[in-house]
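Reader: I should be grateful for a guided reading of this structure, one feature at a time. How does one proceed from a single residue to a wider picture?

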Amino acid sequence: MKLMLNRKKAIIGAGGVAVALTMALAALGPTGAYFSDTAQGEVSGTVGSIKIAGADGTGTDSLNLAYTNLLPGTTQTVASRYVNTGLNAQDVWVVFNDKDALHALNDLGTYGEFHVAANGKALFDSANLSDDLDDIEKPSCGTLAPTGCWPVPKMIKLESNLAPTAVGSVSFTFGYAAKMSGQSKLGGGVWNSYPVKTAQTPNAVGAHNGLPYQLVATQVGQKPGK
């Protein structure tokens with residue numbers, strides 16, 4: 001009698017496990033085979049480039065230009081083409097990257113004039129090249145404006161959105177005013193000696209000459225770095 005009771009409990013116990021397993025499977029949802037499909041892809045790409053090259057001047061980047069035998073009352077123009085040799089459209093800037101040379105030009109006042117043009121369009125014109133840096137404590141120019149003291153800025157945008165392989169041009173026109181009459185005893189000389197003497201640098205001597213510049217290509221909408 002005792003043996004039969006134990007077997008009944010075992011049967012009941014096994015039945016309970018079966019019910020529990022069935023309920024667990026039901027809670028997990030339907031089981032069995034199902035359809036599926038997989039499509040494979042990958043993300044790839046190329047990197048663009050911003051690059052510019054000079055075309056008509058001398059020097060490493062074919063951008064060195066030179067005025068010859070300048071005389072008061074006359075102007076000379078030097079120019080160069082540039083080419084977008086990169087893979088993307090770009091903005092093009094001219095940057096005068098030597099502050100001492102730029103100040104020497106902007107120290108002429110009404111004794112000099114300077115003009116910058118690109119692709120036949122005038123971008124900068126001044127016949128009063130004064131930046132007032134010699135008179136920081138007592139500025140004589142007041143507000144800098146095209147109608148008064150108008151110094152050459154550090155950077156000028158030449159062109160926007162120049163396409164790859166496209167060509168542009170930049171020109172620099174300079175002239176001494178007719179009222180300039182002094183010249184060295186030997187005659188001749190170099191253009192735009194720098195640094196020039198100022199109230200802040202009274203011992204400066206013109207050890208260099210010319211006006212260094214860079215053509216800088218940037219992504220569209222961006223300015224050259226300082």
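Author: One may start with a single side chain and its accessibility. Arg 81 counts as partly exposed, since its relative accessibility of 42% lies between the limits of 20% and 50%. Please bear in mind throughout that this is a predicted model.

Reader: With which residue does Arg 81 form a salt bridge?

Author: The partner is Asp 56, and the closest N and O atoms of the two residues are 2.9 Å apart. It then helps to ask where the partners sit along the chain. Asp 56 belongs to the loop between strand E1 (52-54) and strand E2 (75-84), whereas Arg 81 is in strand E2 itself; the pair thus links distant parts of the chain, 25 residues apart. Asp 56 is also partly exposed, at a relative accessible area of 40%.

Reader: How many salt bridges does a search of the whole structure find?

Author: The search finds 3. Another of them joins the side chains of Asp 91 and Lys 157, at 3.7 Å from N to O. This pair, too, links distant parts of the chain: Asp 91 is in strand E3 (residues 90-95) and Lys 157 in strand E6 (residues 155-162), 66 residues apart.

Reader: Is Asp 91 buried or exposed?

Author: Asp 91 is buried, because its relative accessible area of 1% falls under the 20% limit. Its partner Lys 157 is partly exposed at 33%. There is also a salt bridge between the side chains of Asp 100 and Lys 99, with 3.6 Å from N to O. Here Asp 100 is partly exposed, with a relative accessible area of 33%, while Lys 99 is exposed at 67%.

Reader: Let us turn to aromatic residues. How many aromatic pairs are found in the whole structure?

Author: There are 9 aromatic pairs. Each is read from the distance between ring centres and the angle between ring planes. For Phe 96 and Phe 114 the centres are 6.3 Å apart and the planes stand at 70°; the pair is therefore edge-to-face, as the angle is over 60 degrees. Phe 96 lies in the loop between E3 and helix H2 (99-105), and Phe 114 in strand E4 (residues 112-118), so the pair ties together parts 18 residues apart in sequence. Both Phe 96 and Phe 114 are buried.

A second edge-to-face pair consists of Phe 174 and Trp 191, whose ring centres are 5.2 Å apart and whose planes are at 65°. Phe 174 is in strand E7 (residues 167-176) and Trp 191 in the loop between E7 and strand E8 (193-194), so that distant parts of the chain, 17 residues apart, are linked. Both of these residues are buried. Ring pairs also connect Phe 174 and Trp 191 with Tyr 67 and Tyr 176 in a cluster.

Reader: Which residue lies over the face of Tyr 111?

Author: That residue is Lys 179, at 4.4 Å from the ring centre.

Reader: Which residues have the most contacts inside the largest nonpolar core?

Author: The general idea comes first: in soluble globular proteins, nonpolar side chains tend to be buried together. In this model, the largest nonpolar core has 33 residues, and those with the most contacts inside it are Phe 96, Phe 114, Leu 158 and Phe 172. The elements giving two or more residues to this core are E2, E3, H2, E4, E6, E7 and E10. Beyond its neighbours within four places in sequence, Phe 114 is in contact with several residues, including Phe 96, Leu 105, Phe 172 and Phe 174.

Reader: Where is Thr 218 placed?

Author: Thr 218 is in strand E10 (residues 214-219) and, at 8% relative accessibility, counts as buried. Its side chain is joined to that of Trp 93 by a polar contact of 3.5 Å. Among the residues that Thr 218 touches, beyond four places away in sequence, are Asp 91 and Trp 93.

Reader: Finally, the backbone. Which peptide bond is cis?

Author: The bond from Tyr 194 to Pro 195 is cis, with omega near 0°; Pro 195 lies in the loop between E8 and strand E9 (208-209). Positive phi values in residues that are not glycine also merit inspection. Thr 165 has a phi of about 75° and sits in the loop between E6 and E7, exposed at 65%. Asn 192 has a phi of about 55° and is found in the loop between E7 and E8, but Asn 192 is buried, at 8%.

Note on methods:
Residues are numbered from 1 along each chain as its sequence is written. This is a predicted model: local features need pLDDT of at least 70, side-chain atom pairs count only at pLDDT 80 or more; totals for chains, interfaces and linings use all residues. Side-chain values use heavy atoms; hydrogens and water are left out. A salt bridge is a side-chain nitrogen of Lys or Arg within 4 Å of a carboxyl oxygen of Asp or Glu. Helices (H or I, at least four residues) and strands (E, at least two) are DSSP runs, numbered from the N terminus. Buried means under 20% relative accessible area, exposed over 50%, partly exposed in between (1.4 Å probe, protein chains only). Rings of Phe, Tyr and Trp (its six-membered ring) pair if their centres lie within 6.5 Å; planes under 30 degrees apart count as stacked, over 60 as edge-to-face and the rest as tilted. A charge sits over a ring if NZ of Lys or CZ of Arg is within 6 Å of the ring centre and within 35 degrees of the ring normal. A polar contact is a pair of N or O atoms within 3.5 Å; within protein, one must be able to donate a hydrogen and the other to accept it, and residues adjacent in sequence count only if both atoms are side-chain atoms. Contact means heavy atoms within 4.5 Å. A nonpolar core is a set of buried Ala, Val, Leu, Ile, Met, Phe, Trp, Tyr and Cys residues joined through side-chain atoms within 4.5 Å.
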